[in-house]
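Subject: Structure for your review

Dear colleague,

Please find the structure below, handed over for your review. A summary of what was found in it follows.

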Amino acid sequence: MEKNTIISVKDLTKQYGNFQAVKGISFDVYEGEIFGLLGPNGAGKSTTLEIIETLREKTSGEVIVDGLNLDKQPAEIKKIIGVQLQSSGYYPGLNLLQLIELFCGLYNRNVGAMELLEMVNLKDKAKAKFKDLSGGQKQRFSVATTLINEPRIIFLDEPTTGLDPQARRSLWELIRTIRERGTTVIITTHYMDEAEYLCDRIAIIDAGKIIALASPDKMIDDLVASGFERPKEVKKANLEDVFINLTGHSLREN
Ligand SMILES: Nc1ncnc2c1ncn2[C@@H]1O[C@H](COP(=O)(O)OP(=O)(O)OP(=O)(O)O)[C@@H](O)[C@H]1O
């Protein structure tokens, strides 16, 4: 299948004073994929994401989003992307339904607020305030807000950090559903299992450089082909499997 490039980043750098946080990275994101930026704390993932989102100035390099040049058409780019809003933007007096309706008004969109809450499994919480949600529910709501302007691409910055295993799985399913509806997803994470489960392709970033870029499967196959073996035999399950098995497979309300 012919792949369409929807984001193209070339030789991107970001300098904070004397410190170069992003050191000339290049990558393409294909339309309809879940693309992951995987790396340790401080690797430059958020900086890279925020530059593409038009929220942070780059130092040099070229970024094209859906044919639009970041330097010339940032306002056009904003219209076709969905970005997680800071929770400080969630007016404390409003409930979830009212917040979505407010954002619809701001974006001049007419999406069904209740349908959106249903999609992220928060219909029952429509009348609740954001502050009264669990961590997983907060993240699902935050993902819902990225969809209000019916974007072609959504950006998720470490969406599952701090969540329990079930809340994470529930969010993974949501992210897959969003991709199945045709939206391209670019996500940052420092969780290996998340990258392996969710992402079609990943770029591993370390100290501002991309050190590998491929599908998780290909990376693992290449490592094995190089003669790598795990030092000891791996058990057929891990502690997370035990936890999920004991607390239930079904995705409960998180
Ligand atoms: N505004 C800033 N001024 C100076 N240095 C910054 C600024 N923002 C980020 N940095 C530095 O740039 C580097 C990359 O930060 P960035 O937040 O992009 O990393 P990250 O990969 O997203 O890490 P994390 O997982 O911790 O969010 C870090 O060393 C950070 O301290």
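In what follows, a residue is counted as surrounding the ligand if its C-beta atom, placed from the backbone, lies within 6 Å of the ligand. Please note that the model is predicted.

By that criterion, the ligand is surrounded by Y16, F19, A21, G39, N41, G42, A43, G44, K45, S46, T47 and H190. Strand 2 (19–30) and helix 1 (45–52) are the elements that give two or more residues to this shell. The largest share, 3 residues, comes from helix 1. By character, the shell divides into 4 nonpolar, 7 polar and 1 charged residues.

As to the protein as a whole, there are 9 helices and 10 strands. The radius of gyration is 19 Å, close to the 18 Å that the globule rule gives for 254 residues, so the protein is as compact as a globular protein of that length. The C-alpha trace spans about 55 × 55 × 40 Å along its principal axes. Of the 254 residues, 33% are buried. Among contacts between residues at least 6 apart in sequence, 67% join residues at least 24 apart.

Helix 5 (residues 135–146) also deserves a description. Its 12 residues reach 17 Å from the first C-alpha to the last, close to the 16 Å expected at 1.5 Å a residue. Because 11 of these 12 residues are buried, helix 5 is largely enclosed by the rest of the structure. The buried residues include F141 and V143. Their cover includes strand 6 (81–83), helix 3 (96–107), helix 4 (113–119), strand 7 (153–157) and helix 6 (165–180).

Yours sincerely

Definitions and conventions. Residues are numbered from 1 along each chain as its sequence is written. This is a predicted model: local features need pLDDT of at least 70, side-chain atom pairs count only at pLDDT 80 or more; totals for chains, interfaces and linings use all residues. Helices (H or I, at least four residues) and strands (E, at least two) are DSSP runs, numbered from the N terminus. The radius of gyration is taken over C-alpha atoms; the globule rule is 2.2 Å times the number of residues to the power 0.38. A residue is buried if 20 or more other C-beta atoms lie within 10 Å of its own, exposed if 12 or fewer, and partly exposed in between; C-beta atoms are placed from the backbone. Two residues are in contact if their C-beta atoms, placed from the backbone, lie within 7 Å. The expected span of a helix is 1.5 Å times one less than its number of residues. Ala, Val, Leu, Ile, Met, Phe, Trp, Tyr, Cys and Pro count as nonpolar, Asp, Glu, Lys and Arg as charged, and the others, Gly among them, as polar.
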